[in-house]
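Visitor: I'd like a quick walk through this model, one site at a time. Could you show it to me first?

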Amino acid sequence: MKDVPARRLLLVHAHPDDESINNGATMARYAAEGAHVALVTCTLGEEGEVIPPGLAHLAADRDGGLGAHRIGELAAAMRELGVTDHRFLGGPGRFRDSGMMGTEQNHRPGAFWAAGLDEAAGHLVGVIRSLRPQVLITYDPDGGYGHPDHIQAHRVAMRAADLAADPSYGTGAGAPHTIAKVYWNRVPRSVAEEAFARLRDTASGAFPGIAAVDDVPGVVDDARITTEIDGSAYAAAKTAAMRAHATQIAVDGPFFALSNDLGQPVFTTEYYELVRGAPGGDDGVREHDLFAGVPEPAPAPGAQT
Ligand SMILES: [Zn+2]
């Protein structure tokens, strides 16, 4: 049997591209350092707007086909990050992109937003109990910015973490497993403000406008940040992964834009708020490793001892 790395990180995201924008540097760094990095994406992002005119026909309000196309974009992005374990919740297409809040797509059959919480979480429990990650990363309760699929991804991830640890839950789904540390994606307000100031000073005109700090998901007061991961050595991998999501993201140097064409900074140090588990650093000092303080890991199933 092949060795399973001792350090195992699980990320739960709503759409293909969210992982590269939020965590691309973190994922590339931990993969390069030999951790097992696993991504679960909850939908195919079928409702995304398409940036390149040549691919505009893929949009849901035209011919469709964007979901299938984005499976390929995600695979290409994961190659750039060195991440080999990426899956869709319940399998590709099991849950559909719910569109923006308040649209009719929210309640379409199969929409992730309309899915039963425990049914959706059940798929993730199976992943957690087989992979046995020490660290989980997902969004805050607002999904970072209020998108229904991001809110639902948060709910499903947190619920699955509870169920996976519960010995009375679904014994057929593998032995119970408690995730030692759970993090939410964050950006400290001061970092966002400095980055936007730099963007305003240096913007080359590649994008017609500049986004606002509050357009960035997960911005909070600095005091709430518990952890910062310096992924600057993996900046090129992160931007390459973002470029791989070509229907969704336009990259220009250290900046990027979504379909609204408003420039935003690419963050290569990524920030987190620890919401479950004990911090590994000294009191009041930010962690610099997601696994800090995690007890010496027990071997995963299949690991050689
Ligand atoms: Zn998203």
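Guide: Let's fix one term before we start: contact means heavy atoms within 4.5 Å. This is a predicted model, where local features need pLDDT of at least 70 and side-chain atom pairs count only at pLDDT 80 or more, while totals for chains, interfaces and linings use all residues. Residues are numbered from 1 along each chain as its sequence is written, and side-chain values use heavy atoms, with hydrogens and water left out.

Visitor: Which residue shares a polar contact of 2.7 Å between side chains with Glu287?

Guide: Glu287 sits in the segment after β12 (269–276); strands here are DSSP runs of E with at least two residues, helices are runs of H or I with at least four, and both are numbered from the N terminus. Setting aside neighbours within four places in sequence, its contacts include Lys181, Tyr183, Thr226 and Gly280. Its side chain also reaches the backbone nitrogen of Gly280 at 2.7 Å. A polar contact is a pair of N or O atoms within 3.5 Å (within protein, one must be able to donate a hydrogen and the other to accept it, and residues adjacent in sequence count only if both atoms are side-chain atoms), and the side-chain partner of Glu287 at 2.7 Å is Thr227.

Visitor: Is Glu287 buried or exposed?

Guide: Buried means under 20% relative accessible area, exposed over 50%, and partly exposed in between, using a 1.4 Å probe and protein chains only. Glu287 counts as buried because its relative accessible area is 2%.

Visitor: Which residues supply the protein donors of the zinc ion?

Guide: Donors are N, O and S atoms within 2.8 Å of the metal (3.2 Å for Na, K and Ca), and since water is not among the atoms, sites may look incomplete. The donor residues follow the spacing H-x2-D-x131-H. Of these, Asp18 in helix α1 (residues 18–32) and His150 in helix α4 (residues 148–165) are 132 residues apart, so the pair links distant parts of the chain. At 2.1 to 2.5 Å from the zinc ion, the donors are His15 (ND1), Asp18 (OD), Asp18 (OD) and His150 (NE2).

Visitor: What geometry does the site of the zinc ion have?

Guide: Four donors count as tetrahedral if all angles lie between 85 and 135 degrees; four count as square planar and six as octahedral if opposite donors are over 155 degrees apart and all others between 65 and 115; anything else is irregular. Here the angles among the four donor atoms run from 54 to 144°, and the site is irregular.

Visitor: Which side chain of opposite charge is nearest to Arg129?

Guide: Arg129 belongs to helix α3 (residues 117–131), and its side chain reaches the backbone oxygen of Gly174 at 3.0 Å. Lys and Arg count as positive, Asp and Glu as negative, with His and the chain ends not counted. A salt bridge needs a side-chain nitrogen of Lys or Arg within 4 Å of a carboxyl oxygen of Asp or Glu. Arg129 is buried yet has none, and the nearest side chain of opposite charge, 6.1 Å away, is Asp166.

Visitor: How far apart are the C-alpha atoms of Met78 and Gly24?

Guide: Met78 lies in helix α2 and is buried, with a relative accessible area of 0%. Among its contacts beyond four places in sequence are Glu19, Met27 and His86. Gly24 is 54 residues away along the chain, and the C-alpha separation is 9.1 Å.
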